[in-house]
Amino acid sequence: MRKRLFSAIQPSGTLHIGNYLGAIRNWVKLQYDYESFFCIVDLHAITVPQNPKELRKKTIEVAKIYLACGIDPKVSTIFIQSQVPQHAEMMWLLNTITKVSELKRMTQFKDKSEGKGVLAGLLNYPILMAADILLYDTNVVPVGEDQLQHVELTRTLARRFNSKFKNLLVEPKALIEKEGMRIMGLDDPSKKMSKSADSSYNYISLTDSDEIIKDKIKKAVTDSGKSIKYTDTKQAIKNLINIYALLDNAKPADIEEAYRRKGYAAFKTDLAEIVISFLKPLQGKMRSIEDAEVIKILNQGAEKAREIAQIKLSEVKKIIGLIV
Ligand code: ATP
Ligand code: LTN
């Protein structure tokens, strides 16, 4: 039997090149080595306020992006989290073995919970993520570096459950691809590119038009000095070189060399062209996929996921002492 893989993205905005380079690009390759489940985690997305109409639209859009990027529904299972109610139920059960202190120390929680009126859903977010993963006997979880802490908590909960009750939950491993693991914001290279950033100048969406891409790259912050150097002390240019290298299959050192005498403006113009020619075919594919086709794929995916998830959930409930 093939090992299982589970990963997910929140439909909380339009996906950006960071999501592609840090996540989806790897999934496309991995789907042939693992039995894969790719989820659209709408229940996670509502841990911060969402406009209902937009949320529906984004959920379908994320599914189209998965397909256009090369996730094959004949090979992998693609589904919407809220269409598999076992996730929310499993979350409640895991909630009873999770310490509040474990949740409060999560970096993502600390980052997103500044200010007053912090919602319980935001705190409990990693337990839902653990439920997603553990329901499917997942062996590997490909994610960006920022999610490592959540996968660690998932492992802790699996171990805790297994030693308290019975060895029922598989301890998953995070799979972090070194390349592309952290694409930084164009307007602030000290923080990761994020689809829920305040300014759209933070990210390049997979659906951005050519003009917008040119404008965003032109306005991307630059470091002091004019040289194109790939070094940790020049975070802005390092990030742009990374994007260039990943999309153009080039080595950062070669890019550095090629632009040594050309300077920032020429580099940015070329980078914009590279991004545009990468996104063109992807956007064409997205437009060619009908809503009805996506909905059919998502329904089939949810049906398969529910069957698998229900078996695990019933085992867990029984062992805890709930009457199934
Ligand atoms: P949000 O800002 O709404 O929290 P996000 O843009 O950070 O969203 P997620 O839905 O949290 O995106 O993440 C989806 C996947 O993309 C995860 O595997 C995550 O690690 C990866 N990812 C997100 N942002 C980046 C980034 N800037 N660089 C590389 N990978 C990323
Ligand atoms: N928290 C993740 C999204 C996510 C996920 C998951 C990733 C929810 N459930 C299960 C992997 C496995 C994020 O924000 N990137």
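Me: Which residues come nearest to ligand 2, and what makes a residue count as near?

Reply: Gln-10, Tyr-125, Met-129, Asp-132 and Gln-147 come nearest, out of 13 residues around ligand 2. A residue is near a molecule if one of its heavy atoms lies within 4 Å of it. A note on the basis: this is a predicted model, where local features need pLDDT of at least 70 and side-chain atom pairs count only at pLDDT 80 or more, while totals for chains, interfaces and linings use all residues. Residues are numbered from 1 along each chain as its sequence is written, chains are lettered from A and ligands numbered from 1 in the order in which they are written, and side-chain values use heavy atoms, with hydrogens and water left out.

Me: Why is the pair between Tyr-125 and ligand 2 called a polar contact?

Reply: A polar contact is a pair of N or O atoms within 3.5 Å. A nitrogen atom of ligand 2 is 2.6 Å from an N or O atom in the Tyr-125 side chain, so the pair qualifies. Asp-132 also qualifies, with a polar side-chain atom 2.7 Å from a nitrogen atom of the ligand. For Gln-147 the value is 2.9 Å, again to a nitrogen of ligand 2. The protein covers 91% of the 370 Å² of accessible area that ligand 2 has on its own (Shrake-Rupley method, 1.4 Å probe).

Me: Which helix gives the most to the shell around ligand 2?

Reply: That is α7, with four residues. Helix α7 spans 120-134, and helices here are DSSP runs of H or I with at least four residues.

Me: How do you know that Asp-146, Lys-195 and Ser-196 make polar contacts with ligand 1?

Reply: Happily, the same check works here. An oxygen atom of ligand 1 lies 2.7 Å from a side-chain N or O atom of Asp-146, the value for Lys-195 is 2.7 Å, and Ser-196 has a polar side-chain atom at 2.7 Å from a ligand oxygen. These values fall within the cut-off, so they are polar contacts. The protein covers 97% of the 590 Å² of accessible area that ligand 1 has on its own.

Me: What makes up the area buried between domain 1 and domain 2?

Reply: Carbon and sulfur atoms give 79% of about 1,200 Å². Buried area is the accessible area (1.4 Å probe) that two parts lose on being put together, summed over both. On the domain 1 side, Ile-17, Leu-21 and Ala-68 lose the most area to domain 2, together 44% of what that side buries.

Key: Polar contact = N/O pair within 3.5 Å; in protein donor to acceptor, adjacent residues only side chain to side chain. Helix = DSSP H or I, 4+ residues; strand = E, 2+ residues; numbered from the N terminus.
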